[in-house]
Amino acid sequence: MPAAMFVNPAAGRGGAGRSLAGVRPRFADRNYPVEDSGDDFGEEFRKSVRAAVTKAFSLIAMGGDGRCRLLAREALGRAARIGVIPAGGGNDSL
């Protein structure tokens, strides 16, 4: 099942954005197709989540608790799998 990744590149003082180039190949190494769904907020973000759910994609949030909360809130009540790549200010290992 393909996935849509929703990234907040500013999370973790920019660490999420800097780590993104290293994350993508790890999915490819496992033959797991992932589409970058952008770094939108607001209505564009909601539209992107709904489109991914309609395509039966898994949803991946990469960022801090704000990105995860937005994704979970928009997916609530829909048949969707959600994964998290923690990359916020509390995730200093990035």
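Is Asn31 buried or exposed? In this predicted model, Asn31 has a relative accessibility of 69%, and because residues over 50% are classed as exposed, Asn31 counts as exposed. Asn31 sits in the loop that runs between helix H1 (15–29) and strand E2 (34–36), and its phi is near 55°, which is a positive value in a residue other than glycine.

A positive phi is also found at Ala56, where the angle is about 65° although Ala56 is not a glycine. Ala56 follows helix H2 and belongs to the loop between H2 and E3. With a relative accessibility of 44%, Ala56 counts as partly exposed.

**Helix H2**

The helix that comes before Ala56 covers residues 42–54, and its 13 residues reach 19 Å from the first C-alpha to the last, close to the 18 Å expected at 1.5 Å a residue. The residues of H2 that are buried are Phe45, Ser48, Val49, Ala52 and Val53. Seen down the axis of H2, these buried residues fall within an arc of 135°, so they line one face of the helix. A general property of helices helps to read this pattern: an α-helix has 3.6 residues a turn, so residues three or four places apart point the same way. As for what the buried residues of H2 pack against, their partners are strand E1 (3–7), strand E3 (58–63) and helix H3.

**Helix H3**

Two residues of helix H3 can be looked at in turn, namely Gly66, which lies in this helix of residues 65–75, and Arg67, which has its place there too. Gly66 has a relative accessible area of 22%, and because buried means under 20%, Gly66 is described as partly exposed. The C-alpha atom of Gly66 is separated by 8.9 Å from that of Asn8, although the two residues are 58 residues apart along the chain.

Arg67, by contrast, has a relative accessibility of 1% and counts as buried. When its neighbours within four places in sequence are left aside, Arg67 is in contact with Phe6, Val7, Asn8, Gly38, Asp39, Asp40, Phe41, Phe45, Ala61 and Met62. One of these contacts, Phe45, is also among the buried residues of H2.

The accessibility values of the four residues are set out below.

| Residue | Relative accessibility | Class |
|---|---|---|
| Asn31 | 69% | exposed |
| Ala56 | 44% | partly exposed |
| Gly66 | 22% | partly exposed |
| Arg67 | 1% | buried |

Terms used
Residues are numbered from 1 along each chain as its sequence is written. This is a predicted model: local features need pLDDT of at least 70, side-chain atom pairs count only at pLDDT 80 or more; totals for chains, interfaces and linings use all residues. Side-chain values use heavy atoms; hydrogens and water are left out. Helices (H or I, at least four residues) and strands (E, at least two) are DSSP runs, numbered from the N terminus. Buried means under 20% relative accessible area, exposed over 50%, partly exposed in between (1.4 Å probe, protein chains only). The expected span of a helix is 1.5 Å times one less than its number of residues. The arc is that of the directions from the helix axis to the C-beta atoms. Contact means heavy atoms within 4.5 Å.
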